[in-house]
Amino acid sequence: MGTALIYDEEMTKYKLLWVDPACKIETPERLTVSYEALVRNALAERCISVPVREATNSEILLVHSEEYLEAVKKTPYMTLEDLKEFTLQYGDVYFHPNIYHCAKLAAGSALQLVDCVMTERVRNGMALVRPPGHHSQHSAANGFCVFNNVAIATRYAKQKYGVKRVLIVDWDIHHGQGVQYCFEDDPSVLYFSWHRYEHQTFWPQLRESDYDSVGKEKGAGFNINVPWNQVGMESSDYLSVFCHVLLPVAYEFCPDLVLVCAGFDSAIGDPEGKMCATPEIFAHLTHLLMNLAGGKLCVVLEGGYNLTSLAQSVCQTVQTLLGDPLPRLANLSGPCRSALESLQCVRSAHRQYWSCLKHAASLPPADISTKRIKLAEEEAKTEVGEEEKSTEEKVWPEPPKRFSPPVRCASVLPDDVTRPDGCKRLGADQDVNPLTASKLKDDDCDTLSRVITLVEKMEQNEICSGLALVCDVTVAMTQVVQHLTPDPVNRVLIVCVGNGKVPSHITRDGKTLVVQINSEETEDQNSKYYIPVFLKKGCSDTSGFMHAVFGLILPLGYEYDPNLVLLVRMPDSGVCDAVWQQLTGLLQSFAKGHTLVLMQENEKAFVGPTTSVLLGDPAPPLENRQAPNTEDLNVVERLRDRLQVNWNLLQTTSECTG
Ligand code: X5A
Ligand code: ZN
């Protein structure tokens, strides 16, 4: 199942016809450079090209008023003077004789994408459209937007396909207030938006863009706003919000379909956003959403005004939808203080609605507002003090080409286990490095030497990921670590699922970071590099387990930045298929997808589900929507509290209150 790409040159055929500093950045080139970059990088040819169509009147009326539609319908016949006049009633938008046509195509593109994904003609896809949509409202154009493409697509998916729950992730740097207004009382649509806010001084300067607008009536809790109160936010700020807010809530929500309001004005170099996250972050944001809703992910372009940054970000997004290994995000810092402040406020505002946030720190409302005033003052001072470098001058390295090893997944399996489709078998006949073989003195020597060969081929980038059935996972894990750690550049993230002792000599020196999810309290003292997560019901509690994945494993993995991930399934772990597959899929974020999965010989039944995820299939959705065990939540929170001095990405509260 492939990736759809929707683009039509027609949507480049309108532009600003008069002088308006607020609108001059929204140009036809935004679309042409994005598409040309996809062609140049041989990504367009790997996608399934899907034609655009116009949205019909009745589809537009799913979101907009008849009066508004009728008014926009007249714009193709207006004179320049009439168009200027018409434009004046709205904020930061312009009209052109061809924009109505393009707006129908933009909305229609989003609908085509939903159709392809819902009918499973493709797995996922992206629509490159103009005009954007997320600011447009029931009866108003706004912020370069005419029709609300993603809001229309959401109502359409619910109506045509009976989709029960839709998640909308708005990573554009502006608040999609149009989307918020459309769904604020609707619990079937979870809207998440982060946006430059600067204590309500940044456009569109709305009170309702703050973290305390959580939705109304039945929809309370289903609107999540993350205000950025400073510019210059980096990749780690974005990841921290994904790990500690969006992902846990999204998995608890359990959407049937995910739509992205994909604005790339949140990337470095953008004149509107003034943020500092590099284009590679969009590979990760995309990937982190790809295991929700069985992989049904529709990405629709919104903003993005630095043509270089925009084109690079679009390529990162599409290449990830296509399933290529992710780029490593080196040298991530922790979230900045202002981001932590926002994170804490959002988590606290939503703790009453989501059981995954039940244990988030709460702030008394008065406290928050006093602090906000204080912070606003401080931040105003810093802005005057240091003359900030103009974003146009900002330079960043071009994202390195993402390389796909010739073999996506290889396995070391006993002869009686059938090799899953698409997975290369590393047999006994395979050349084994004699040096490696002679070092292994074990009954299991043959299997283990094949495992080491597999690791070597991953190091040489001939193989992306692998799976091995071994007679003792602990012995195999030790051998792999001993093989890798003499080289000073190697760092191995080891995720152990289930009970059993992890030999203490493999957790020295920071050359490995071990996270173990178990149901037995271990005597080992917690260290920075050995992190046992004790869950009451062990790995069989889906919610508790996923809570540890988002709150601990993902942030630790990002900060540690390993060059190999070892995923070890301890004997009798009790972890269910879907949870195991989710974890396996999410761990592909690290080490350019170099994951080695170790399982016991007798766990043949899990070979199929594991390789399918290693080969790029989405993990099945977690249907179990139960609240996590309170004690387990406490355990994870306490661990996070203790470890956040060592690991900045575990922080969820700002210094002064944490
Ligand atoms: C889609 C989008 C931005 C409008 C900014 C107006 N709109 N100042 O990014
Ligand atoms: Zn924007």
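**Exercise 1. Work out how the donors of the zinc ion (ligand 2) are spaced along the chain in this predicted model.**

Start with the pattern: the donors run as D-x1-H-x90-D. Next, put names to the letters: Asp172 gives two OD entries, His174 binds through ND1, and Asp265 supplies an OD atom. Then check the distances, which span 2.0 to 2.6 Å; the cut-off for a zinc donor is 2.8 Å. Last, look at burial for the D-x1-H part: aspartate 172 and histidine 174 are both buried.

**Exercise 2. Find which polar atoms of the protein lie by ligand 1, and how much of the ligand is covered.**

Begin with the shell: 13 residues surround ligand 1, and Asp92, Gly143, His174, Asp265 and Tyr305 are the closest. Sorted by class, that shell holds 4 nonpolar, 5 polar and 4 charged residues.

Now go contact by contact. On the nitrogen side, a polar side-chain atom of aspartate 92 sits 2.7 Å from a ligand nitrogen, while glycine 143 uses a backbone N or O atom at 3.1 Å from a ligand nitrogen. On the oxygen side, a side-chain N or O atom of tyrosine 305 is 2.5 Å from an oxygen of ligand 1. To finish, take the area: alone, ligand 1 has 310 Å² accessible, and the protein covers 97% of that.

**Exercise 3. Say where the pLDDT drops below 50.**

Take the whole chain to begin with: its mean pLDDT is 92, with 91% of residues at 70 or more. The low stretch is residues 433–443, which has 15 contacts in the model beyond near neighbours in sequence.

How values were computed: Residues are numbered from 1 along each chain as its sequence is written. Chains are lettered from A and ligands numbered from 1 in the order in which they are written. This is a predicted model: local features need pLDDT of at least 70, side-chain atom pairs count only at pLDDT 80 or more; totals for chains, interfaces and linings use all residues. Side-chain values use heavy atoms; hydrogens and water are left out. A residue is near a molecule or strand if one of its heavy atoms lies within 4 Å of it. A polar contact is a pair of N or O atoms within 3.5 Å; within protein, one must be able to donate a hydrogen and the other to accept it, and residues adjacent in sequence count only if both atoms are side-chain atoms. Accessible areas come from the Shrake-Rupley method with a 1.4 Å probe; for residues, only the protein chains shown count as cover. Ala, Val, Leu, Ile, Met, Phe, Trp, Tyr, Cys and Pro count as nonpolar, Asp, Glu, Lys and Arg as charged, and the others, Gly among them, as polar. pLDDT is the predictor's confidence in each residue, from 0 to 100. Contact means heavy atoms within 4.5 Å. Donors are N, O and S atoms within 2.8 Å of the metal (3.2 Å for Na, K and Ca); water is not among the atoms, so sites may look incomplete. Buried means under 20% relative accessible area, exposed over 50%, partly exposed in between (1.4 Å probe, protein chains only).
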